[in-house]
Amino acid sequence: MSEAGLIPLTGAVPTAVFHPECFRLANGMEVVVVTNRRAPVVAHYVWYRVGCADSPLGKSGLPHFLEHLMFKGTRTVAPGEFSKIVARNGGNDNAFTSWDFTAYFQTIAKDRLDLVMRLEADRMANLDLSDEHVYPERDVILEERKQRVDNEPQALLGEALQAAQFLHHPYRLPIIGWLHEIASYTREDAIAFYEHWYAPNNAILIVVGDIDAHELRPLAERHYGALPPRAVPQRRRVQEPPQHAARRVELVDPRVRQPQLVRSFLAPSQHADDGGHAAGLEVLVELFGGGTTSRLYRSLVVEQGLAAAAGAGYQPWSLDPTTCRLMASPRPGVPVDRLEAALDAEIAKLLDGGVEEEELERTKGRMLAEAVYARDSLGGVARLFGMALTTGLGIDAIEGWPQRIAAVDRAAVEAAARAVFVPAHSVTGRLLPAEVGADG
Amino acid sequence: MADRATTPPARVEEVVSPGGIRAYLVTERSIPFLSLALHFQAGAVYDPPERAGLAYMTAGLLDEGAGPYASQAFRRELEDNAIRLAFDADLDGFTATLKTLTATREHAFELLRLALLEPRFDPEPVERIRAQILAELRRRESDPDYVSSRAWFARAFAGHGYGRPVRGTPDSIARIARNELLAVARERLARSELSIGVAGDIGPEELASLLDRTFQGLPDRASKPVVTATEPALGETIVVPMPIPQSIVTFGRTGIPRNDPDYYAATIANYILGGGGFSSRLMEEVREKRGLAYSVYSYLHEARLAPLWLGAVATSNERVAQSIAIVREEVAKLASGEVEERELVDAKTYLTGSFPLRLSTNDQIARMLLGMMVHGLGRRFLEERNGLIEAVGREDLARACRRLYAGELLITVAGRPEGLASTS
């Protein structure tokens, strides 16, 4: 960690960032280690290559339910004890689920790593669920859904938008699941899913912190290496047909006080990138809608004074094609229609006029410089590698990122804009207060 | 765990510049950047009653144009150089965080100096930030977490600065004038109110010189109203009707001051009741046994003029009365001070063992150092802290439990709770 790191704005672009060590156990489990010796602490993550886009039909969100149930006991660890044992050893633990992955983690003193690896390996193979713990947890999921989604009009619009964007692919499903399908989960559903997908050969171990591969390998072999591999099915998901019709979704709700406008486009991911536009799109989104000097913020918020906020977002790590989103929130008194017209005009200007060399270089310089900060957080580093490796990519997706961004030129950004900002591939979402209707 | 409990997680230096500016510093050279956190005792509680949100709006504008740079030019200096500078205000504090690569360090501190000493408050950014705050306030009107918590503070501290919203009201924000923003910057942000924490790729001499250049121009003393300590009004249950399927409950009562000898015992008491994630009694009773909520938690809120113990739970309208009953029951139970030996030991091993985890990034360390200076904990706090936790005995814990939990709660509910109505 002693090299100078990424040089901001000028100088050579680095060919590596985190210098991970990688190996594979005999049973097929992948291992990634990133050494960071600043404190005697490690972040220990196990990722499974399965997520809510792999939900059985009619059981949307089941992978997330299983994530909760993984804390409900094994043949040797009592229900609820997992987190308590970690806490009694001064550690923090949790888990999270997305469309493409499910991940479990503990952050703990290095001398307790052996303990958490034993616990994590145990629940990979020996989950032992009883009705008295499964069904109250289903109620917990219902409460989680109400808290995250049903209580929040903005989240309800987000669900409608996602479901409209994907006509067929299971990314249309909410990660937490539809309310009526959550209510139908059974213990047997969860166990079948667990037996189907949870195996060492479908898992990735990522450890970041005060350790290297030489120290980790014997621990990994002892705990995870002892588990037999199992036949795990390929992730086979129905794929999206060509999209021909722009869609609009509008949520009108008396709870809404502040309207919002979102424009979502179907977009390539780094893994599903037939046209080769993912890197150009990453830079484009930053140039067009990242921060307070981007085109959208400058035009809609500062110069025209129509919006209180405006920006863009795109996350290239996704197994199948994903979305890119533009959003704007009107200033008090500004009709949403007027804001949408201004957003359309900015997109048209981009498509007609392209981008300037100067704004492109500024954007890339900022993105590369900011990457230095990513090295500071143990968990953040583990998450970067986990997301890449569960979405069909290798570690080069992370280590090669600076080179990949540096190579993006004007032609690549403009080609990405033309390929992605296509009206027929879009969904426009509007969040509106009930009392004033579509005028915002 | 004993060895870890006594190992200092990082070496803290007290840097005093030639001009007399103080900061706590942890030098960490492994990655070429630093994080700085600073705090002025100048937060929302000092806003005039009819100008709620003044400190918050000022914070929103300091990085929107200063010195020779108009708003967009200033934002470019920050973003093009990957310098992250942000200001904020809470009840007590007016705060800033700065993050910069080593290569752009001088420039970053110069931008911080300009923001503090030469903010422009040009008409365009003033109206833009005003519109952003108004939009934020409208959005929060439909956010049940905000509505519930706002109702709690409004009732607990009616007539006191703590009862007014930090972010203001549509009415107060609409009225704030440029000269009032300027006055906050000139009169409240003084050296006498300033605390600083820094972590990262910088040594004490380098920092001392930057401290002088950045902060020496600030006035020595602040001019701000006198505010008095207070206590929350307790005992009521207040329902704020909202058309949502799940009710959001805020509960709380008087806490224990940060500099009170019982503070560490109180930390353990809160861990046992609702601070300890899946190890807490509330989580066990509300979530694990009955599936009544996804989240239920509590924490000590170290507000200077009225320390608080606060918590929240979210449960479907039909069952929320049951969650509230359990919270009341568990608070009453712990007020008796009855704690199993195992619970005390587990709380101590977690609180001491996890302390280094809270110090693993430059941002975290800078924030911790800042807290040490704001609360007067001393330079050696990181070495002493686990010993203070270990020293808590059963009698200390029982006393802290009585002080924290024997007495009434104030409860506010946003939603349509069944079988529950406001008490007054």
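**Close-ups of a predicted model**

**View 1. The open sheet of chain B.** In this predicted model, six strands of chain B build an open sheet, lined up in the order 1-2-6-3-5-4 with mixed pairing. Strand 1 (13-16) and strand 4 (84-89) of chain B sit at the edges, each pairing on one side only. Going from one strand to the next, the twist averages 20°.

**View 2. Strands 2 and 6 of chain B.** Here we zoom in on strand 2 (residues 22-27) and strand 6 (residues 194-200) of chain B, which pair in the parallel sense over four bridges. Look for Thr27(B): opposite it stands Gly200(B) of strand 6 of chain B.

**View 3. Helices against the sheet of chain B.** Helix 2 (residues 54-62) of chain B packs on the sheet, where it touches strand 4 and strand 5 (94-101) of chain B. The direction of helix 2 makes about 170° with that of strand 4 of chain B. Helix 4 (residues 105-117) of chain B lies across strand 3 (33-40), strand 4 and strand 5 of chain B, and runs at about 160° to strand 5.

**View 4. Where the two domains of chain A touch.** Chain A splits into domain 1 (21-223) and domain 2 (247-439), with 29 Å between their centres, taken over C-alpha atoms. At the contact, 29 residues of domain 1 of chain A meet 27 residues of domain 2 of chain A. Among the elements that each supply at least two residues of the domain 1 side are strand 2 (30-35) and helix 5 (153-165) of chain A. Helix 5 of chain A gives the largest share of that side, eight residues. By class, the domain 1 side in chain A has 20 nonpolar, six polar and three charged residues.

Definitions and conventions
Residues are numbered from 1 along each chain as its sequence is written. Chains are lettered from A and ligands numbered from 1 in the order in which they are written. This is a predicted model: local features need pLDDT of at least 70, side-chain atom pairs count only at pLDDT 80 or more; totals for chains, interfaces and linings use all residues. Two strands pair if DSSP finds at least two bridges between them. Axes are lines fitted to C-alpha atoms, for helices over the stretch in contact, and angles run from 0 to 180 degrees between N-to-C directions. Two residues are in contact if their C-beta atoms, placed from the backbone, lie within 7 Å. Domain bounds come from an automatic or database domain assignment. Ala, Val, Leu, Ile, Met, Phe, Trp, Tyr, Cys and Pro count as nonpolar, Asp, Glu, Lys and Arg as charged, and the others, Gly among them, as polar.
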